[in-house]
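Work through the exercises below with the model open beside you. Try each task before you read its solution.

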Amino acid sequence: MSNTPLPTRRKTLQMLAGIPLLPLGASTSAAALLAACGGSDGGSAEFKSVSFSSMAAPTLQNPAAMATTTVGSVMKVTFDDDSTQSFNLAYQPFFITGDMVSDGKGGKILAGGYLDIHNKPIVDATVAGSERQYYSDAPDGTSLLTVPDAKVDGVKGKPVFAVVQFEYTTWAQDGKTDMYGKLPSPIAVLTLDQDPKTGKLSLVKYHNVDTSKVHGLWITCGASLSPWGTHLSSEEYEPDAFSIDKNSMFKAYSKNLYGNESAANPYNYGHMPEVFVNKDGTASIKKHFCMGRISHELVQVMPDSRTALMGDDATNSAYFVFVADKEKDLSAGTLYVAKVGAGFSIDPASGSAAALSWINLGHATSAEIEQLANSLKPSDIMTVVSKDPEDTSFTKIVANGKIEWIKINAGMDKAAAFLETHRYAAYKGASMGFTKMEGTTVNAKDKIAYSALQNCEKSMVAGDASNVAGNGVSIPKQLKAGVVMALNLRGGQKDLAGAAINSDWMPVDTKALLAGEDIAADALGNTGNPNKICNPDNLKFSEKMRTLFIGEDSGQHVNNFLWAYHVDTKQLSRLMSIPAGGESTGLHAVDEINGWTYIMSNFQHAGDWGGIHNVVKDTLDPIIRKNYKDKAGAAVGYLTASPSQPSLKG
């Protein structure tokens, strides 16, 4: 922006300083916005709030809108003098997976491409004569960040980096071979050129992170940005080490990664990887083995840079918290799991909050647990049987939807706590009752965390075989459409053994904030109310906008949506519709990078049809195939905007 020392310009700059400005359309410059925003010499308006209009859900009256990313919402900025500025929102992709993009060295590289442990392409040979490198149709967790003193060739404005992980590939190119979980998840750093006048981001360089030193990555789902500027990844659905010889998916994963079906060790997966971006747009990665081996979905580190609330995307999942020994260092700390008190409800109208107390599962370093992972067999840690042994030395538990009896071997509590975390937490009496606990995020000002339960079914429902009576997590009937829970955060807490918990950000209770609604199938096929959230997954909170963003992974909405919920006004607004059959992923709300605000958003597996798509499938399938590489491609990008009125009045 101009530094011209005119009074009105200074006041306009002051006026704009607090606005969460989304990047403007390429045809609109910040200079033009300044010229339009004059303001009188008598004073300047201060930023007050942001609101979003809600777009209508697309229908078959416009099939093209159902078959792509459709945005029809408006962001309105309000100032303290009640003047406003509105911005029409739009979606801007960096690429569609399968595109050849710049490697920053004068060559091209396949976006979303898969690599083996030697960083060699993994080839899809399912169509004879059309062999090609596998690439993902499922981009997921994304972090937008900057690095001090960054310098990358080809950047003309300011260098900004996006770390993007690719969860899986749905099908091989023959359209018949299921590839879910059979390929090692790639993770990439995008070097982006930020135009200082418009905020527009342009891809300059795509760099694959070398994951070989962390044994490759397994089903990387949601992600978050740490307070110290690193990308916190995930490995969900930890493979069961006790049945690994029967797990054909894991054998295929090992074959594709190592060239050998038995080379991969299940205890090396189900952890929390962290990516460190370098000044030149390359990156390194480490995997933290001390945060519990669970179905890691999305980790949220609190403003203390030590306390991490973790999503646990499993049946019979729980609230887990890791408290690191040191700030900005997740390589050592203490793992806790929650016990849910009386009054748990998924009805926001009930106002009921259930207290949370905490069981200390143990303290460990990542290095010691990784050493245990590579030296122990499952039978070294515990015995697990599926039928009652009628032996009092065994404890009955429910883990991953199955009733089991387990016995911890002498001296193996630490190994059990950090390598068989679900089983050990159940053994210790934790409330292992949630289903599909997905994204987590934090509202730091109010000290409230938010947690998504994609579905409230199975282990959460009283009387279900996987529901544990008396564990505090019990609802009278299922709500497949799911809920978002709010958790108050406090300090001064003690664990159930009476020891102090060294954190000021521990969840002390949980109550329902927003809920979906199951319905009979409507004319379009929706079995969840399309005007409410459904199957919430990605969650991100913007402090400046006071807005909780919610991305759906819904088998009940014909089109999945990205929502904005203002926590003060309680307004819920639909911002974007994802291509039918796809999932909203990669959500990241960035309050400010060099003066600009970004809402990152990807999608996965467009046209992945289920029963709810019977009404629309025949019409939409050919359009989606044309838009997204015969359904093999998916978008990585962000929401952008342009001013819709000429001036800010003030």
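The exercises go from the whole chain down to single residues.

This is a predicted model, in which local features need pLDDT of at least 70, side-chain atom pairs count only at pLDDT 80 or more, and totals for chains, interfaces and linings use all residues. Residues are numbered from 1 along each chain as its sequence is written, and side-chain values use heavy atoms, with hydrogens and water left out.

**Exercise 1. Overall build**

Task: Describe the secondary structure of the protein, then judge its compactness from the radius of gyration.

Solution:
- Step 1. Take the inventory: nine helices and 38 strands. Helices (H or I, at least four residues) and strands (E, at least two) are DSSP runs, numbered from the N terminus.
- Step 2. Get the extent. The C-alpha trace spans about 85 × 60 × 55 Å along its principal axes.
- Step 3. Apply the globule rule, 2.2 Å times the number of residues to the power 0.38, with the radius of gyration taken over C-alpha atoms. The rule gives 26 Å for 650 residues and the protein has 24 Å, so it is as compact as a globular protein of that length.
- Step 4. Check burial. Buried residues make up 59% of the 650. Buried means under 20% relative accessible area, exposed over 50%, and partly exposed in between (1.4 Å probe, protein chains only).
- Step 5. Check the contacts (heavy atoms within 4.5 Å). Of those with a separation of 6 or more, 65% join residues 24 or more positions apart.

**Exercise 2. The nonpolar cores**

Task: Find the largest nonpolar core and the residues with the most contacts inside it.

Solution:
- Step 1. Set the rule. A nonpolar core is a set of buried Ala, Val, Leu, Ile, Met, Phe, Trp, Tyr and Cys residues joined through side-chain atoms within 4.5 Å.
- Step 2. Count. The largest core has 44 residues, and M291, F320, V337 and L361 have the most contacts inside it.
- Step 3. Ask who contributes. Helix α7 (residues 413–419) gives the largest share, five residues.
- Step 4. Look around L361. Beyond four places in sequence, L361 is in contact with F320, L335, V337, A417, T421, Y424, A425 and K428.
- Step 5. Look elsewhere. Another core, of 40 residues, lies apart from the largest one; I612, V616, Y628 and A641 are among its members.
- Step 6. Recall the background. In soluble globular proteins, nonpolar side chains tend to be buried together.

**Exercise 3. The two faces of a helix**

Task: Which residues of α9 are buried, and which exposed residues does the face turned away from them carry?

Solution:
- Step 1. List the buried residues of α9 (617–627): L620, D621 and I624.
- Step 2. Test the geometry. They cover an arc of only 115 degrees around the axis, which puts them on the same side of α9. The arc is that of the directions from the helix axis to the C-beta atoms.
- Step 3. Recall helix spacing. An α-helix has 3.6 residues a turn, so residues three or four places apart point the same way.
- Step 4. Turn the helix over. The face away from the buried side carries exposed D618 and K626.
- Step 5. Find the cover. It includes α3 (63–66).
- Step 6. Step past the end. K629, just after α9, takes a positive phi of about 55 degrees.

**Exercise 4. Salt bridges, buried or exposed**

Task: Count the salt bridges, then sort three pairs by burial.

Solution:
- Step 1. Use the cut-off: a side-chain nitrogen of Lys or Arg within 4 Å of a carboxyl oxygen of Asp or Glu. The count is 18.
- Step 2. Take D82 and K48, with closest N and O atoms 3.9 Å apart. D82 is in the loop between β3 (74–79) and β4 (84–96), K48 is in strand β1 (47–52), and 34 residues separate them. D82 is exposed at 56%. K48 is exposed at 52%.
- Step 3. Take R306 and D304, at 4.0 Å. R306 is buried at 12%. D304 is buried at 15%.
- Step 4. Take K436 and E438, at 3.6 Å. K436 is buried at 18%, and E438 is buried at 1%.
- Step 5. Add the network. Salt bridges link D240, E404, E420 and R423.

**Exercise 5. A buried loop residue**

Task: Where is N467, and what does its side chain meet?

Solution:
- Step 1. Place N467 in the loop between β28 (448–453) and β29 (483–490).
- Step 2. Read its accessibility: 13%, so N467 is buried.
- Step 3. Find the polar partner. A polar atom of the N467 side chain lies 2.8 Å from the backbone oxygen of S459.

Notes: Polar contact = N/O pair within 3.5 Å; in protein donor to acceptor, adjacent residues only side chain to side chain.
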